[in-house]
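Work through the exercises below with the sequence and the model side by side, and try each task before reading its solution.

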Amino acid sequence: MPRKADRRLRVGVLGCGPIAQAAHFESCTKAANVDLYAICDVADDLRARMAATHAPQKSYADYDAMLADPDLEAVIIATSDAFHVPAAIRALEAGKHVLCEKPVATSVEAAEELAAAVAASGKVVQVGHMKRFDAGLQAARAFIDDGMGEMTALKAWYCDSTHRYPMTDAVQPLMVTSANARKPKEDPKANLNRYYMLAHGSHLVDTARYFAGEIVAVDARLSMRGGMRCWFVDVEFANGVLGHLDLTVAVRMDWHEGFQIYGQNGSVVGKTYNPWYYKTSEVDIFHEAEGGSRRVLGADGHFYRRQLEGFASVILDGATMTGADAGDGVASVRAMVAIARSAESRKPVRLADVSGEV
């Protein structure tokens with residue numbers, strides 16, 4: 001891991017649940033320019049266990065008390081999706097920067113409310129689309145920007161696997177739970193179409209936007225057969241690129257995620273691994289003029305730590321934001337809502353026309 005810098009961002013983590021335990025606590029302790037300054041959770045037993053394990057300087061049961069701490073500079077929001085926007089707005093009102101887990105919101109209106117609060121605050125808000133910090137995807141983006149020429153088409157897929165949990169249980173820490181944990185009023189898994197779109201579709205949509213730009217319309221079909229949900233989505237990008245997205249949960253094979261991009265001067269083919277393996281995507285970049293392909297090694301595959309370091313660099317050093325900002329978060333939610341409405345109506349839907357929840 002990189003050595004700790006002299007000046008480090010003092011970060012508090014809201015929520016001590018699975019995503020904090022699997023990703024954010026470790027990222028804070030390993031990041032070169034960040035300190036795990038505080039943790040916050042209403043569940044006393046869970047918070048005490050995490051404080052003993054990760055040794056923050058402060059531990060809070062009350063979120064407002066943590067936000068009132070003048071030494072706290074930024075907050076990672078690692079709660080259930082329903083709590084993202086209210087928690088982020090409270091942090092902004094308290095003068096704190098925010099790294100919010102994806103999806104940034106569950107409705108267009110909530111996402112836009114947060115975007116307005118960000119604009120008024122002058123603070124840095126980054127959405128946790130950590131795949132933007134995969135060195136393989138970054139190499140693909142660099143080729144798109146500087147070598148590919150005009151892009152023609154993009155295909156991308158995100159297919160969760162029936163074997164996903166036995167595999168991730170082997171590499172993730174043993175999750176600590178609490179009966180006192182705060183839960184949303186509605187069970188997020190009560191509507192699996194919505195849950196899968198928010199949990200997995202948000203990654204797929206952001207990857208497509210990261211490579212090809214703004215999505216203006218979608219034409220989606222949903223098939224529920226053989227115990228699987230499969231969305232095939234034809235995508236219209238603002239720059240004229242044709243796109244096709246495949247979101248399937250859960251395939252009877254290994255985790256299956258990747259993309260193919262075709263351009264004027266070359267192509268890119270990528271295979272992405274389950275994120276909990278912390279393995280950089282295998283991305284082959286073919287350059288027509290060279291008549292050959294190249295692949296970045298990407299030895300550092302800790303995407304969650306890399307995204308946190310990028311977030312901190314924007315705040316501490318004035319670096320350019322390379323992660324997803326609040327506008328990207330709004331666009332992602334709009335795309336997911338449009339896909340859901342298109343699948344329901346079996347008609348194309350323009351993103352500018354959608355509102356409501358995913």
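The exercises that follow concern a predicted model, and they go from the whole chain to single residues.

**Exercise 1. The chain as a whole**

Task: Determine how many helices and strands the chain has, and decide whether its radius of gyration agrees or disagrees with that of a compact globule.

Solution: Begin with the secondary structure, which comes to ten helices and 15 strands. Next, take the length of the chain, which is 358 residues, and note that a compact globule with this number of residues would have a radius of gyration near 21 Å. The chain has 20 Å, so the value agrees with that of a compact globule. As a further step, look at the box that the C-alpha atoms fill along the principal axes, which is roughly 55 × 45 × 45 Å.

**Exercise 2. Inside, surface and charge**

Task: Find what percentage of the residues count as buried, and describe the exposed area and the charged side chains of the chain.

Solution: Of the 358 residues, 55% count as buried. Turning to the surface, the chain exposes about 15700 Å², and carbon and sulfur atoms supply 50% of this area. For the charges, set the 39 positive side chains beside the 45 negative ones, and then locate the centres of the two sets, which lie 3 Å apart. Finally, consider the contacts between residues at least 6 apart in sequence, of which 68% join residues at least 24 apart.

**Exercise 3. Two histidines and a shared neighbour**

Task: For His84 and His24, state the helix in which each is found, decide whether each is buried or exposed, and search their contacts for Glu101.

Solution: His84 is found in helix α4, which covers residues 84–93, and His24 lies in helix α1, which covers residues 18–30. A residue counts as buried when its relative accessible area is under 20%. His84 has 0% and is therefore buried, and His24, with 3%, is buried as well.

Now read the contacts, leaving aside neighbours within four places in sequence. His84 is in contact with Ile77, Thr79, Cys100, Glu101, Lys102, Pro103 and Val104, whereas His24 is in contact with Ile19, Ile76, Ala78, Glu101, Tyr304 and Gln307. Glu101 thus appears in both sets of contacts. For His84 one further detail can be given, since its side chain reaches the backbone oxygen of Glu101 at 3.3 Å.

**Exercise 4. A loop and its cis bond**

Task: Locate Pro103 and Thr106, identify the residue that a cis peptide bond joins to Pro103, and list what Thr106 touches.

Solution: Pro103 lies in the loop between β5 and α5, and Thr106 lies in this loop too, between β5 (97–101) and α5 (108–121). The peptide bond to examine is the one that joins Lys102 and Pro103, which is cis with an omega of about -15°. Thr106 has 14% relative accessibility and so counts as buried. Not counting residues up to four places away in sequence, Thr106 touches Asp81, Arg194, Leu198, Glu357 and Val358.

**Exercise 5. Uncommon backbone angles**

Task: Find where another cis peptide bond occurs, and describe the phi angles and surroundings of Ala55 and Arg346.

Solution: Keep in mind that most residues other than glycine have a negative phi, and that most peptide bonds are trans. A cis peptide bond joins Val249 and Ala250, with an omega of about 0°, and Ala250 lies in strand β10, residues 242–251.

Ala55 has a positive phi of about 55° although it is not a glycine, and its place is in the loop between α2 (44–54) and β3 (58–60). Arg346 has a phi near 60°, again a positive value in a residue other than glycine, and Arg346 lies in the loop between α10 (326–345) and β15 (349–350). The cut-off for exposed is a relative accessible area over 50%, so Ala55, at 60%, counts as exposed, and Arg346, at 52%, also counts as exposed.

**Exercise 6. A buried phenylalanine**

Task: Place Phe211 in its helix, and give its separation from Ala190 in sequence and in space.

Solution: Phe211 is found in helix α8, residues 192–212, and is buried, with a relative accessible area of 5%. Phe211 and Ala190 are 21 residues apart in sequence, and their C-alpha atoms are 33 Å apart in space. Among the residues that Phe211 touches are Leu137, Ile144, Met151, Leu154, Phe259 and Ile261.

Notes: Residues numbered from 1 in each chain as written. Predicted model: local features only at pLDDT ≥ 70, side-chain atom pairs only at ≥ 80, totals over all residues. Heavy atoms only, no water. Helix = DSSP H or I, 4+ residues; strand = E, 2+ residues; numbered from the N terminus. Rg over C-alpha atoms; globule rule 2.2 N^0.38 Å. Buried < 20%, exposed > 50% of the residue type's maximum accessible area, 1.4 Å probe, protein only. Contact = heavy atoms within 4.5 Å. Areas by Shrake-Rupley, 256 points an atom, 1.4 Å probe, with all protein chains shown as cover. Lys, Arg positive; Asp, Glu negative; His and termini not counted. Charge placed at Lys NZ, Arg CZ, Asp CG, Glu CD. Polar contact = N/O pair within 3.5 Å; in protein donor to acceptor, adjacent residues only side chain to side chain.
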